[in-house]
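Q: Got a minute to go through this one with me? I'd like to talk about the fold, then the empty spaces in it.

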Amino acid sequence: MRNSRRLFLLSFLMLFVELVLIRWTAASVVYLAYFSNFVLLASFLGIGVGFLRAGTQTDRSRWAPFALAGFVLFVTIFPVSVATHASGRQFIGLFGIFALPIWVELPLIFGGVATVMALIAEGVARVFATFEPLQAYRLDVGGSVVGIAAFSILSFLGAPPLAWAIVVAALFWAVFRPSISRYTAAPLLAVVLLLGLGSISPHDHWSPYYRVTASSPNSQGIISIEVNGLPHQSILPLDVLKTHQPFYLEPYPHLGANPLRNVLVVGAGNGNDVAVALSMGAQHVDAVEIDPVIQAIGRDQHPNHPYQDPKVTAHIGDGRAFLERTDTRYDLIIFALPDSLTLVSGQSSLRLESYLFTVESMRAVRDHLAPGGAFTMYNYYRPDVFDRFAATITQAFGHPPCIDNGSETLGPRQQAVLTVGLTAADATCSTTWRASTTTPSVATDDHPFPYLQGRTIPTFYVVALLLILLGSAVVVRTFGGPFREMVPFVDLFFMGIAFLLLETKNVVQFALLFGTTWFVNALVFAGILLAVLAAVSVAQRVTLPPPWVLFVALALALFAAWAVPQESLLSLALIPRFAAAVGLAFAPVFLANLVFAQRFKDVGSATVAFGANLLGAVTGGVLEYGALVVGYRALLIVVAAMYLLAYLTRGGRSVSPA
């Protein structure tokens, strides 16, 4: 096999395995539900270590299939899900027995992912080193683009882990075929069998976001739906729902003579809220649900068949994005328990529904109400979250909402309903919300963290991130050799920090402008890699200006991206919005990679330099949590500071370490 083809396939394999590990571990271990970039950081660390080890005499990349099989076996034996009992929820493991505690499970997962990725990356790096640096980088990025495309296609098709495993095994076989023996083939077969066993349950469905598990109906016709091992929804026959979940009905007495000509349900899920709206006289319902699998389960299995009613139009997509693109005015808009239980990607702290609960979103809701219309939202709320949402509604509408507190609780969370009219006279209330001195500030499009108690990083995250940094330093020193070997490439380390933060900013920006769907997310990452590929191609064919010129151009592009608030683009039509978003987001990416390419082509040890850059990305992944304090827009200031440090520490040509 020619080395160029081998490097391309190895890079494809490395990116594809990284995506598989992010998705599959989150589906198997609920500890990762809101910390999926834990796996991403482990991947970056492993890839960085693998590149640093490429200069050693012993090639350990052939052990990658064994490490992958061992990791898959560990997660298969020690999954973690949640069971609900009368006394509350508890974590359980395989066959309902005890689960490993979080302080044991997460470090083992981090170490396992880092080991798998390090062994694969060492194989990539050894081939990488046989090329001129920019040519190697171009092939690496090209393979990564194909890896994202392949995984996105499988996500679109709803393919289970068995399909992922077959692709991984086929890639390993294609890359290592000359040296594969029956002993090497055995772990690949084990990976296929283990992931295949996890794909055969008739109750499991694989959406682009979760493993969705739908139970058989119980004696009352109730179907429970779990996502990634967490209780999520229940399909309830309408008569059962009205008896046991009356909060679904509580908004309607506030509406008076509202004719319900047009109703919008955001977070329509399995169809319970749609069925209620139809029973209350809705003449037409737009039902928006982000997860196609959950919507399909409701369409096929809900006993009242709300999605099959001709008065209902189903929309698969993001609720905020739907509001931005529709001109319809609604008599009632419902946020129907939107609680995604997952993050947008492994590279941000943004949940799928985060942009629904900002003050800008509530203003968009207000602007889509017909005269006499109303808005309602309900869920099980923590007291501080309830007050934040009520304050957000009050700020957006200019008057406080009606409140209805239900009788049920779920741990510290209280069942509650908030309903508000377009004007104060459009919703009749017996009790309205009143602000207190402890009411938290509202979430905004720049700081879209409605469940965060304040502008702070939770203690658990702080401890975990510090341990990741400390562990990364120890691992790099142990397996990558002395830190002095990376000193000539400290500027590339700073570039790694900056570029990871720039990627994160682009992911969340496009999520706001075009929706938090998996498809938008995949397009953003593909677009970033294509911008990288374009920059490398330009650097190979064109004589670039002096470094200071490129750094000044990058600084100007970053300033433009910072100066234009991302929410201001929402007022533009779709095509101009897309053009503006691409220009503001990808101009810095392109220029940053011209800077990187100009520097990278002069390095003497491409693998050590690339390893330093990837370890910078690990640090950037940790710093991304700073957005919980300062918001996402301010990350651009950190990006600019990191590129300034890169310029100030920029080195010359380095010789390969002995």
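A: Sure. To start with terms, helices here are DSSP runs of H or I with at least four residues, strands are runs of E with at least two, and both are numbered from the N terminus. Keep in mind that this is a predicted model.

Q: OK, how many helices and strands does the protein have?
A: There are 21 helices and 13 strands.

Q: And what's the radius of gyration against that of a compact globule?
A: The protein comes out at 26 Å, and a compact globule of 658 residues would be near 26 Å, so the two agree. The C-alpha trace spans about 80 × 55 × 45 Å along the principal axes.

Q: How much of it counts as buried?
A: 60% of the 658 residues. As for contacts between residues at least 6 apart in sequence, 79% of them join residues at least 24 apart.

Q: Switching to pockets. What volume does the second largest pocket have?
A: About 780 Å³. It has 27 lining residues, and Pro79, Leu94, Gly198, Asp204 and Arg211 are the closest to its centre.

Q: Which elements give two or more residues to that pocket's lining?
A: Three helices, H1 (3-28), H3 (64-77) and H7 (182-197), plus the strands E3 (204-206), E4 (211-214) and E5 (223-227).

Q: What's the lining of the second largest pocket like by class?
A: Mixed: 13 nonpolar, 11 polar and three charged residues.

Q: What about closed cavities, how many of 30 Å³ or more turn up?
A: Three, from a search of the whole structure. The second largest holds about 50 Å³ of space.

Q: Which residues line the second largest cavity?
A: Val17, Val20, Leu21, Leu68, Val72, Ala165, Val168, Val191 and Leu195. By class that's nine nonpolar, no polar and no charged residues. H1, H3, H6 (161-176) and H7 each give two or more of them, and H1 gives the most, with three.

Q: Let's move to H10. Which of its residues are buried?
A: H10 covers residues 292-301, and the buried ones are Val293, Ile294, Gln295, Ala296, Ile297 and Gly298.

Q: What covers them?
A: Strands, among others: the cover includes E3, E4 and E5, along with E6 (230-235), E8 (285-289) and E9 (312-316). E3, E4 and E5 also give residues to the lining of the second largest pocket.

Q: And at the start of H10, what does aspartate 291 reach?
A: The backbone nitrogen of valine 293: a side-chain oxygen of aspartate 291 comes to within 2.9 Å of it. Valine 293 is also one of the buried residues of H10.

Notes: Residues are numbered from 1 along each chain as its sequence is written. This is a predicted model: local features need pLDDT of at least 70, side-chain atom pairs count only at pLDDT 80 or more; totals for chains, interfaces and linings use all residues. Side-chain values use heavy atoms; hydrogens and water are left out. On a 1 Å grid over the protein atoms alone, a cavity is a set of points where a 1.4 Å probe fits but cannot get out, and a pocket is an open set with protein on both sides within 12 Å along at least five of seven lines; lining residues have an atom within 4 Å of a point. Grid points are joined across faces, edges and corners, and a volume is the space filled by probe spheres set on the points. Ala, Val, Leu, Ile, Met, Phe, Trp, Tyr, Cys and Pro count as nonpolar, Asp, Glu, Lys and Arg as charged, and the others, Gly among them, as polar. Buried means under 20% relative accessible area, exposed over 50%, partly exposed in between (1.4 Å probe, protein chains only). Contact means heavy atoms within 4.5 Å. A polar contact is a pair of N or O atoms within 3.5 Å; within protein, one must be able to donate a hydrogen and the other to accept it, and residues adjacent in sequence count only if both atoms are side-chain atoms. The radius of gyration is taken over C-alpha atoms; the globule rule is 2.2 Å times the number of residues to the power 0.38.
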